[in-house]
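Colleague: I would like to go through the terms used for this model and see what each one rests on. Please show the structure before we start.

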Amino acid sequence: MTIAFHGNSQLQATALRQLNQHASAGNVQRSAFLWRDGKGSVVGCAIESDDLSDWTTKLGLPKYLALLIDAIASNQPSVEHAVDAGHRIIEAVPVGSNVNRVGSQFIIGLLTHGDASPELDALRKKAVSLQQKLLDGTPVEPAQWREARREAMATSDGLRTKSSEARLGQAAEASLWNPEGSPTAVVDVLRPWAALYGTRSLLDWGWTEADEENVHARLQEMHDRFLRDNPESKRTVFQHYAEEYPEEEARLRERMQKERSGVAEGYSAARDILLKILAE
Amino acid sequence: MSASIVNSTEASFEADVLRSSIPVLVDFWADWCGPCKALAPVLSDIADELKDEVLVVKVNGDENKSLLEHYNVRGLPSMLLFVSGEEKSRLVGLQSKPRLMAFLEDHVEGL
């Protein structure tokens, strides 16, 4: 069991101060966990270390929380937003609390957010029940996790790639680990869950599967016409696409922007779920 | 980075990977590659969990271009699985831990 900030509020204050100082100096990058040459991700700057173990030894916090903070922060629309998100989460961790339960609580919070088809609903209920067992103090054997993951992946594999359902399926299959022993599980759940916001944002905007197929076909056409027999060319398929089909290319750029905004919205929603859990 | 992960280069690749007594998962990455950074914790997690069964090796593609060419690596991150010095299979792009574990379980006996 880890005790947040080893019960010492000075440690929390130091982490926040270091983060703020690096933010003021322009050293914070929107990145997965990183600390190099005096610059780094939100967590890297908060602990000034490239060793994730320091997060636990110095601050008494579980590794998955560090990875989660950086995932949320790095998907904010600007560095300022990233620092703000990281700062708010670190500040929200109650000093002296046992935050080991937060991983399972957060996974349950994500999986129970929104609707799902009956097939996926069964999958996520299974995942939620195993995480709930951990919260209740009942051990889940590795073989149980493994079997549940195999079942979940088989279900996900039957879903259309990049569809909303597939994103939910990926989130459910990624959740079938104990976050304490498998620090990347929480972010693995969050990634497709947030991507779901991007997928829905595209659907709302009117981007269809046919549009997606058309773009792939056009890019292949650009490659075949201009680049396949011209290996010395420094130009990209996108540059040729912009010249040959300017309206389509402009719409593709808008599509990318819409998706990015949707995904960022997903990460912000996740930040709010996490802050709510930490406040309980 | 996990202490179980080995950083390899063109000079040490043969000893680190091709002559390894256990299967080796080689991650080709680059500094500028966002998905490579996102994958790093997953690889650390796996390296720690499977440290007696699978060796995880990282190769910086920018600094070891001849390895990229030799193994026809076209996208980053790329993970090549070597068993007894020969490439068995590969995965390209950011992977979740369950997918990467399933990939290893499919190709490494006894996992």
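Colleague: How many residue pairs are in polar contact across the interface of chain B and chain A?

Modeller: The rule finds 8 residue pairs, both residues at pLDDT 80 or more. A polar contact is a pair of N or O atoms within 3.5 Å; within protein, one must be able to donate a hydrogen and the other to accept it, and residues adjacent in sequence count only if both atoms are side-chain atoms. The model is predicted, so local features need pLDDT of at least 70 and side-chain atom pairs count only at pLDDT 80 or more, while totals for chains, interfaces and linings use all residues. Residues are numbered from 1 along each chain as its sequence is written, chains are lettered from A and ligands numbered from 1 in the order in which they are written, and side-chain values use heavy atoms, with hydrogens and water left out.

Colleague: Which elements give two or more residues to the side of chain B that touches chain A?

Modeller: They are helix H2 (34–49) and helix H4 (97–107) of chain B. H4(B) gives the largest share, 7 residues. Helices (H or I, at least four residues) and strands (E, at least two) are DSSP runs, numbered from the N terminus.

Colleague: What is the division of that side into nonpolar, polar and charged residues?

Modeller: On the side of chain B that touches chain A, 8 residues are nonpolar, 2 polar and 8 charged. Ala, Val, Leu, Ile, Met, Phe, Trp, Tyr, Cys and Pro count as nonpolar, Asp, Glu, Lys and Arg as charged, and the others, Gly among them, as polar.

Colleague: How many residues of each chain are in contact, and what area is buried between chain B and chain A?

Modeller: Contact means heavy atoms within 4.5 Å, and 18 residues of chain B meet that rule with 21 residues of chain A. The buried area, which is the accessible area (1.4 Å probe) that two parts lose on being put together, summed over both, is about 1500 Å². Carbon and sulfur atoms give 50% of that area. In chain B, Lys37(B), Pro98(B) and Arg99(B) lose the most area to chain A, together 34% of what that side buries.

Colleague: What makes Asp106(B) and Arg150(A) a salt bridge?

Modeller: A salt bridge is a side-chain nitrogen of Lys or Arg within 4 Å of a carboxyl oxygen of Asp or Glu. The closest N and O atoms of Asp106(B) and Arg150(A) are 3.8 Å apart, so the pair qualifies. The count between chain B and chain A is 5 salt bridges, and a search of the whole structure finds 26 over all chains.

Colleague: Why is Arg255(A) called buried, and which residue is its salt-bridge partner?

Modeller: Buried means under 20% relative accessible area, exposed over 50%, partly exposed in between (1.4 Å probe, protein chains only). Arg255(A) is at 7%, so the residue counts as buried. Its partner is Glu212(A), with N and O atoms 3.2 Å apart. The pair links distant parts of the chain: Arg255(A) lies in helix H13 (residues 246–279) and Glu212(A) in helix H11 (residues 209–227) of chain A, 43 residues apart. Glu212(A), at 22%, is partly exposed.

Colleague: Where do Asp121(A) and Arg124(A) lie?

Modeller: Both are in helix H7 (residues 118–135) of chain A, 3 residues apart, about one turn of the helix. Their side chains meet in a salt bridge at 3.0 Å, N to O. Arg124(A) has a relative accessible area of 13% and is therefore buried.

Colleague: Why is strand S3 of chain B said to be largely enclosed by the rest of the structure?

Modeller: S3(B) covers residues 55–60, and 6 of the 6 are buried, so the description holds. Leu55(B), Val57(B) and Val59(B) are buried on one side, and Val56(B), Lys58(B) and Asn60(B) on the other.

Colleague: How do you know that strand S2 of chain B and S3(B) pair?

Modeller: Two strands pair if DSSP finds at least two bridges between them. Strand S2 (residues 24–29) and S3(B) have 6 bridges, in the parallel sense, so they pair. Strand S1 (residues 6–8) of chain B is joined to S3(B) by 3 bridges, also parallel. Val57(B) is the bridge partner of Val26(B) and of Val6(B).
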